[in-house]
Amino acid sequence: MSRRIIVPFGPQHPVLPEPIHLDLVLQDERVVEAIPSIGYIHRGLETLVAKREYPEYVYIAERTCGICSFIHGMTYCQAVEQVMNLEVPERALYLRTIWSEYSRMHSHLLWLGLFADAIGFENLFMASWRLRESVLDVLEETTGGRVIQGSCKVGGVRRDIPGETLDRMVGDLAGFERDFKEIANVFLRDESIIARTRGVGVLSHGDAYHLGAVGPTARGSGVAIDLRKTGYAAYGKIHFKPVVETDGDCYARCAVRVKEVFSSIDIVRQAAAKIPEGEIEVKPKGNPNGECFSRAEQPRGELVHYVKGDGSRHLVRSRIRTPTLTNVPPLVKMLAGCELADVPVIVLSIDPCIGCMER
Amino acid sequence: MIMDADQTTVIERDYLIGRVEEFKKQGYRLVQLNCTKVGETYEINYSFDLDYQFRNLKIMVDGQTEVPSISGIYWGAFIYENEMHDLFGIRVVGMNVDFGGNLFRTAKKNPFANPTFRGEEPCPGE
């Protein structure tokens with residue numbers, strides 16, 4: 001009978017842009033158990049509510065993540081607006097929706113590139129990131145920032161998108177969609193990708209639901225949870241269906257992200273067609289006094305911002321529950337029983353954002 | 001409804017396990033656990049969701065009170081319970097995966113229990 005050994009995976013590893021550590025208990029080449037350790041880059045951002053006034057804290061919230069920063073800022077603002085009973089102008093809600101979807105597109109393209117790189121498909125990596133640049137260019141043009149947008153504020157947004165710019169953005173989406181179809185075709189049909197991902201890291205529907213999986217990790221296992229269906233921002237006025245796959249393997253999680261890029265293109269088109277004229281912000285009066293959980297759908301899944309105020313300029317508590325944190329228990333489950341060589345692909349398949357998780 | 005209404009029920013710690021079991025039986029998924037220190041009291045929120053209906057249980061304990069783990073009901077709760085232990089020093093009893101204070105490798109023990117900031121006291125090594 002073979003001996004059990006423990007192989008450390010991370011915190012430094014070629015497929016990990018950020019540090020997470022797994023102790024992999026192996027029997028021969030098979031993983032029997034995976035024990036995660038985090039906290040290598042814990043920043044304590046949540047405690048900064050004691051040092052920053054609530055309107056300023058949106059800058060901290062945005063810096064939780066360098067990929068989906070806009071949605072962090074928006075979700076925090078939603079929580080404060082709910083506590084303060086602020087009615088955000090409808091145009092601002094549509095602008096938030098548009099920027100959220102551009103964030104999703106650039107995040108998914110970033111992940112697709114990293115995923116291609118992890119399985120040794122360098123050319124596909126470059127093609128994905130080349131296309132991502134065009135999304136970042138739009139974010140930079142419309143918000144002023146490629147990575148940290150800074151365009152969301154309590155009560156609305158800081159910047160408007162002029163009508164002619166919006167028309168051009170929608171026009172450019174046709175070319176973007178055409179180029180992405182070529183990439184999507186490779187991700188969904190290439191034999192080498194299918195060989196590395198089909199049947200690998202399977203997470204059952206039941207495990208995905210009960211272990212708290214969110215985002216493409218859950219939807220790849222047939223769990224149709226997409227917080228955009230709650231109707232926050234302008235999503236209540238947009239028609240779309242959550243993208244769901246049922247196989248629960250790495251291929252399914254990849255397919256969800258590929259198809260969600262097309263879904264995001266469609267949402268931006270709808271939002272651009274429906275966006276009303278009008279104000280883009282209301283001025284908050286007073287200070288937040290109360291508590292609220294605000295939820296939104298990040299590229300990686302359900303994001304929760306909890307805020308608690310006591311009527312002063314400083315919040316008592318900000319709690320950020322990121323999707324990667326709640327996807328760790330499902331990751332532990334899907335690693336059990338896999339081959340050692342598949343561990344990097346499985347870890348990457350949940351699109352881990354350690355910076356987010358470490359807050 | 002654009003946002004979740006705050007559906008919070010404050011309960012005694014002794015009723016926690018029974019209430020969480022009810023949520024599990026009804027098909028709710030665990031959304032998150034979090035802890036907030038208000039004065040010398042720790043508020044712990046347990047959040048659940050079923051078909052986008054958000055429900056929240058809240059217990060209030062002092063720093064010495066032991067809190068029962070819900071990881072026997074929701075396996076994935078261990079990640080939040082270890083986080084609460086490591087950041088706030090909450091004593092959670094019966095976790096299915098107990099990292100013994102080593103999930104978050106922070107320089108300071110229980111940094112959120114009594115947060116201090118640069119400028120208010122010397123940083124280690126200065």
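Two residues are in contact here if their C-beta atoms, placed from the backbone, lie within 7 Å. Keep that cut-off in mind. One caution before we start: this is a predicted model.

Let's take the interface. On that cut-off, 30 residues of chain B are in contact with 36 residues of chain A. Which elements of chain B give two or more residues to that side? Strand E2 (29-38), strand E4 (53-61) and helix H2 (78-88) of chain B do. E2(B) gives the most, with seven residues. Now the chemistry of the side of chain B that touches chain A. By class, there are 18 nonpolar residues. Eight more are polar, and four are charged.

Staying with chain B, here is its overall build. Its secondary structure comes to two helices and six strands. In sequence order, the pattern runs β-α-β-β-β-β-α-β. Chain B has 126 residues, and 37% of them count as buried. Next, contacts in chain B with a separation of 6 or more. Of these, 47% are between residues 24 or more positions apart.

Over to chain A, starting with the strands. Strand E1 of chain A covers residues 4-9, and strand E2 of chain A covers residues 21-27. These two pair in the antiparallel sense, over six bridges. Look at Val7(A): its bridge partner in E2(A) is Leu24(A).

E2(A) also pairs with strand E3 of chain A, residues 30-37. That pairing is antiparallel too, over seven bridges. Find His21(A) on your screens. Opposite it, in E3(A), stands Ser37(A). What do E2(A) and E3(A) form? They form a hairpin, with two residues between the strands. In the turn, Asp28(A) has a positive phi of about 55°.

Last, the helices of chain A. Two packed helices are described by the angle between their axes and the distance between the axes. So take helix H2 of chain A, residues 69-83, and helix H3 of chain A, residues 90-118. Their axes come within 8 Å and cross at roughly 145°. Is the crossing left-handed or right-handed? H2(A) passes H3(A) in a left-handed crossing.

Which residues make the contact? From H2(A), they are Phe70(A), Ile71(A) and Met74(A). From H3(A), they are Arg96(A), Trp99(A), Ser100(A) and Ser103(A). By class, this helix contact has four nonpolar residues, two polar and one charged.

To recap: on the chain B side of the interface, E2(B) gives the most residues. In chain A, E2(A) pairs with E1(A) and also with E3(A). And H2(A) crosses H3(A) at roughly 145°.

Key
Residues are numbered from 1 along each chain as its sequence is written. Chains are lettered from A and ligands numbered from 1 in the order in which they are written. This is a predicted model: local features need pLDDT of at least 70, side-chain atom pairs count only at pLDDT 80 or more; totals for chains, interfaces and linings use all residues. Helices (H or I, at least four residues) and strands (E, at least two) are DSSP runs, numbered from the N terminus. Ala, Val, Leu, Ile, Met, Phe, Trp, Tyr, Cys and Pro count as nonpolar, Asp, Glu, Lys and Arg as charged, and the others, Gly among them, as polar. Two strands pair if DSSP finds at least two bridges between them. A residue is buried if 20 or more other C-beta atoms lie within 10 Å of its own, exposed if 12 or fewer, and partly exposed in between; C-beta atoms are placed from the backbone. Axes are lines fitted to C-alpha atoms, for helices over the stretch in contact, and angles run from 0 to 180 degrees between N-to-C directions. A crossing is left-handed if the near helix is turned anticlockwise from the far one by less than a right angle, and right-handed if clockwise.
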